[in-house]
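Visitor: Could you take me on a close look at the metal site, and then at the parts of the chain around it? I would like to follow the reasoning step by step.

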Amino acid sequence: MKRRHFVTTGGAVVAGSLLDAAPAEAVPDPGLPLALPKLPYPPEALEPHIDRLTMTIHHGKHHQAYITKLGEALTAAGIKNTNARALIENIGKQPAQAQTAIRNNGGGHVNHTWFWNWMAPAGSGPAGPEGPLLTAIQTSFGTVENMKKAFNAAAATRFGSGWAWLVRKGNGKLAIVSTANQDNPLMKGIVPDTDYGAPLLGIDVWEHAYYLKYQNKRPDYITAWWNVVNWGAVTKSFGNSAG
Ligand code: MN3
């Protein structure tokens with residue numbers, strides 16, 4: 001994926017937020033985590049599948065909390081001029097005192113930044129994967145439906161809080177994996193080798209992502225969520241993951 005590095009002066013982010021990019025653009029790599037990126041659509045835009053209140057709290061409170069805590073940890077450890085994706089990919093090279101915060105809150109920042117961009121109002125883009133992404137899904141899973149079944153099973157059976165992902169492995173094959181808490185498949189040395197890969201699409205299955213509307217019915221949330229998947233962004237992520 002294209003890397004963007006923010007330059008900071010006295011802790012202030014100078015460059016603009018990559019989240020201003022249209023959702024059909026490549027899913028952005030989060031820059032230095034000092035500001036909450038804007039949602040790429042209004043918080044009610046995903047209704048009825050994802051409700052406005054869930055989006056407002058999820059984005060404004062949960063995502064903000066990851067950013068705030070990550071910023072505190074980076075400041076305490078003297079880490080600056082970096083990129084959140086690079087941080088989580090290289091946790092083992094970071095100061096020991098910051099590694100847990102980078103795992104939990106850096107992961108939370110990256111995962112949610114991508115998550116907002118992997119969704120778009122229903123019907124606003126392609127109805128499914130296209131082009132080379134479609135071919136890769138068919139090569140790895142046989143059909144799109146098979147991929148979705150495996151993804152849904154991973155999302156539904158993740159015990160407790162976490163994420164399910166469609167990833168591209170180093171050998172080019174696509175796979176479905178699931179991670180706990182805010183772990184990300186890019187966290188080499190943290191996630192098992194079998195879970196490692198470049199995320200193309202992910203779903204947040206923490207209860208805060210669905211409980212207000214779906215309560216304990218996580219499978220209903222997962223089913224509804226497919227209606228708001230931003231296939232244009234997923235296709236771009238796939239194209240970028242080749243490099
Ligand atoms: Mn969440």
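Guide: Gladly! One cut-off helps from the start: a residue counts as buried under 20% relative accessible area, as exposed over 50%, and as partly exposed in between. Ile 57, with a relative accessible area of 32%, is therefore partly exposed. Please keep in mind throughout that this is a predicted model.

Now to the metal itself. Which atoms hold the manganese ion? Its donors are NE2 of His 58, NE2 of His 112, an OD atom of Asp 204 and NE2 of His 208, at 1.9 to 2.1 Å. Read along the chain, these donors have the spacing H-x53-H-x91-D-x3-H. His 112 and His 208 link distant parts of the chain, being 96 residues apart. His 112 sits in helix H3 (residues 96-117), while His 208 belongs to the loop between strand E5 (198-204) and helix H6 (211-214). Are these two histidines buried or exposed? His 112 is buried because its relative accessible area is 0%. His 208 has 18% relative accessibility, so this residue counts as buried too. If you plan to examine the angles at the ion, here is a reference: ideal angles at a metal are 109.5 degrees for four tetrahedral donors, and 90 or 180 degrees for six octahedral ones.

Back to Ile 57, which lies in helix H1 (residues 52-77). Together with Leu 53 and Leu 212, Ile 57 makes a nonpolar surface patch of about 260 Å². Helix H1 also contains Gly 71. At 10% relative accessibility, Gly 71 counts as buried. The C-alpha atom of Gly 71 is separated by 9.0 Å from that of Gly 106, although the two residues are 35 apart along the chain.

Staying with the beginning of H1, there is a salt bridge between Glu 44 and Arg 52, whose closest N and O atoms are 3.5 Å apart. Both ends fall in the middle class: Glu 44 is partly exposed at a relative accessible area of 37%, and Arg 52 is partly exposed at 43%. The loop between strand E2 (12-13) and H1 holds Pro 48. Pro 48 is joined to Glu 47 by a cis peptide bond, with omega about 5 degrees. As background, most peptide bonds are trans, and most residues other than glycine have a negative phi.

That second point matters for two loop residues. Asn 181, in the loop between E4 and E5, has a positive phi of about 55 degrees without being a glycine. Its relative accessibility is 40%, so Asn 181 counts as partly exposed. Gln 215, in the loop between H6 and helix H7 (218-225), has a phi near 50 degrees, again a positive value in a residue other than glycine. With a relative accessible area of 30%, Gln 215 is partly exposed.

Helix H3, which supplied His 112, also takes part in a salt bridge: the side chains of Asp 183 and Arg 103 meet at 2.8 Å, N to O. This pair links distant parts of the chain, with Asp 183 in the loop between strand E4 (174-180) and E5, Arg 103 in helix H3, and their positions 80 residues apart. How do the two partners fare for burial? Asp 183 is buried, at a relative accessible area of 7%, whereas Arg 103 counts as partly exposed at 31%.

The structure holds 3 salt bridges, and one of them joins Glu 89 and Arg 85, at 3.1 Å from N to O. Why are these two separated by about one helical turn? They are 4 residues apart in helix H2 (residues 84-89), which means about one turn of separation. Glu 89 and Arg 85 are both buried.

Finally, the setting of the site. The protein comes to 8 helices and 5 strands, running from the N terminus as β-β-α-α-α-α-α-β-β-β-α-α-α. Of its 243 residues, 52% count as buried. So, to return to where we began, His 112 and His 208 belong to that class, at 0% and 18%, while Ile 57 in the nonpolar patch is partly exposed at 32%.

Key
Residues numbered from 1 in each chain as written. Predicted model: local features only at pLDDT ≥ 70, side-chain atom pairs only at ≥ 80, totals over all residues. Heavy atoms only, no water. Patch = residues over 30% accessible without salt bridge, like charges linked within 9 Å, V, L, I, M, F, W, Y side chains within 5 Å. Areas by Shrake-Rupley, 256 points an atom, 1.4 Å probe, with all protein chains shown as cover. Salt bridge = Lys/Arg side-chain N within 4 Å of Asp/Glu carboxyl O. Buried < 20%, exposed > 50% of the residue type's maximum accessible area, 1.4 Å probe, protein only. Donors = N, O, S within 2.8 Å, 3.2 Å for Na, K, Ca; no water.
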